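Trainee: I am new to this structure and should like to be guided through it by question and answer. May we begin?

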Amino acid sequence: MTRPFVLASVAMSLDGYIDDATPERLLLSNDEDFDRVDAVRATCDAILVGAGTVRADDPRLLVRADRRRAARVAEGRPESPLRAVIAGRRPLDPAARLFTTGETAKVVYAATPDVSVQRDALAEAAPVVDAGDPLDLDIVLADLAERGVERLMVEGGGTVHTLFLAADLVDELHVVIAPFLVGDPAAPRFVNPSHFPQNARNRMRLLEVRPIGDVILARYQPVRTPGIETGTGI
Ligand SMILES: NC(=O)C1=CN([C@@H]2O[C@H](COP(=O)(O)OP(=O)(O)OC[C@H]3O[C@@H](n4cnc5c(N)ncnc54)[C@H](OP(=O)(O)O)[C@@H]3O)[C@@H](O)[C@H]2O)C=CC1
Ligand SMILES: Nc1c(N[C@@H]2O[C@H](COP(=O)(O)O)[C@@H](O)[C@H]2O)[nH]c(=O)[nH]c1=O
C-alpha cells in the first residue's frame with residue numbers, strides 16, 4: 001500500500017503533559033514555535049486531529065500566515081491543507097470552527113458501529129467515512145491517499161498520537177518541550193499506556209534538536225520495519 005508520509009507533532013510540558021485539566025487551551029509553544037508549526041502545516045496536504053481535540057480546543061487547523069497561504073495557492077494547492085478528524089461514537093458538533101471556518105476540504109473518519117450518528121450530526125458540514133469499528137488506520141490513510149494526500153500532519157491529541165505510534169504509522173515525530181511542569185494527574189499526556197514499537201530496544205533516530213526561544217524542538221525518525229512505501233518525505 002502507498003500511504004501518506006505521516007508527521008506527528010506535539011508540544012508537551014517537562015513532565016509530559018499536553019494540556020492541563022482546565023477548560024482553557026494550554027499554550028505550550030511560544031510565538032516563534034507556533035510560527036514554526038504553521039510553516040510545517042503549510043508543507044502538508046492534510047492535518048488530522050481526534051474528536052477529543054476538536055471538543056477541547058475547537059481548532060481551525062488553517063495555515064495562518066498570508067504569505068504561506070499565497071505560496072501554496074501559487075503552487076496550485078489549496079491555501080490550507082485538508083482537515084481530517086478521527087471520531088468515535090459521540091457526535092461531533094457541526095458548529096465547531098473546523099467545520100465553519102476556511103474554505104478547504106474536511107473529512108471525518110468515524111469509528112463506530114453506527115456511522116449515521118456522525119453523518120446525521122454533521123449533515124453538510126463534512127463528509128463522513130466509515131473507518132471501521134474498531135478504528136482501522138489503514139482505511140484512514142488509504143482514503144487520504146485517494147484524496148491526493150502525500151504528506152499528513154497528525155496534531156493529536158494523546159489518543160490519536162497513541163493510535164498512530166502504536167501502529168508504527170509515524171514516519172517523523174516532532175516533540176516540543178515547554179519549560180514548565182503541569183503536575184496534574186487529571187491532565188492529558190502525550191500518549192496513553194500502550195505497546196509501542198518505538199521502545200527501549202528500538203530507539204528512534206534523533207534527527208535534530210533546536211532551541212526555539214524558551215522551548216526545545218526535537219525531531220525523531222522512528223526506525224521502522226522496511227517494506228512500507230510512503231509518499232514524499234521532508
Ligand atoms: N499540546 C499539543 O500539542 C496538543 C494537545 N492536545 C490536547 O489533547 C487533548 C485531547 O486529547 P484526547 O482526549 O486524547 O483526544 P483526541 O483528540 O486524541 O481524540 C480521541 C477521540 O478519538 C475517537 N476514537 C476513534 N477511534 C478510537 C479508538 N480506537 N480509541 C480511542 N478513541 C478513538 C474518540 O472519539 P469519540 O469521543 O467520538 O468516541 C476519542 O474521543 C486536549 O486536551 C487537547 O488540548 C491536542 C493536540 C495537540
Ligand atoms: N497547544 C498547542 C498545540 N495544540 C494544537 O494546535 C491546535 C490549534 O490549532 P489552531 O486553532 O488552528 O491554532 C490544537 O487543536 C492542537 O492540535 N500545538 C502546538 O504546537 N503547541 C501548543 O502549545
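Mentor: Certainly; please bear in mind that this is a predicted model. Strand 3 (residues 46-50) and strand 4 pair over 5 bridges, and the sense of this pairing is parallel.

Trainee: Which residue stands opposite Val-85 in strand 4?

Mentor: The partner is to be sought in strand 3, as strand 3 and strand 4 pair in the parallel sense. The residue opposite Val-85 is Val-49.

Trainee: In which sense do strand 4 and strand 5 (residues 106-110) pair?

Mentor: Arg-83 of strand 4 stands opposite Lys-106 in strand 5. Strand 4 and strand 5 are joined over 5 bridges, and the sense is parallel.

Trainee: Is strand 4 (residues 82-87) largely enclosed or open?

Mentor: Leu-82, Ala-84 and Ile-86 point one way from the strand, whereas Arg-83, Val-85 and Ala-87 point the other way, and all are buried. A residue counts as buried if 20 or more other C-beta atoms lie within 10 Å of its own. Because 6 of the 6 residues of strand 4 are buried, the rest of the structure leaves this strand largely enclosed.

Trainee: Which element gives the largest share of the shell around ligand 1?

Mentor: There are 28 residues around ligand 1, and Gly-50, Gly-52, Gly-88, Gly-156 and Gly-157 come nearest. The elements that give two or more residues to this shell are strand 2 (5-12), strand 3, helix 2 (51-57), strand 4 and helix 7 (158-166). The largest share, 5 residues, comes from helix 2.

Trainee: How many residues of the shell around ligand 1 are nonpolar?

Mentor: By class, the shell has 8 polar and 6 charged residues. The number of nonpolar residues is 14.

How values were computed
Residues numbered from 1 in each chain as written. Chains lettered and ligands numbered in written order. Predicted model: local features only at pLDDT ≥ 70, side-chain atom pairs only at ≥ 80, totals over all residues. Buried ≥ 20, exposed ≤ 12 C-beta atoms within 10 Å, placed from the backbone. Helix = DSSP H or I, 4+ residues; strand = E, 2+ residues; numbered from the N terminus. Pairing = 2+ DSSP bridges. Near = placed C-beta within 6 Å. Nonpolar A, V, L, I, M, F, W, Y, C, P; charged D, E, K, R; others polar.
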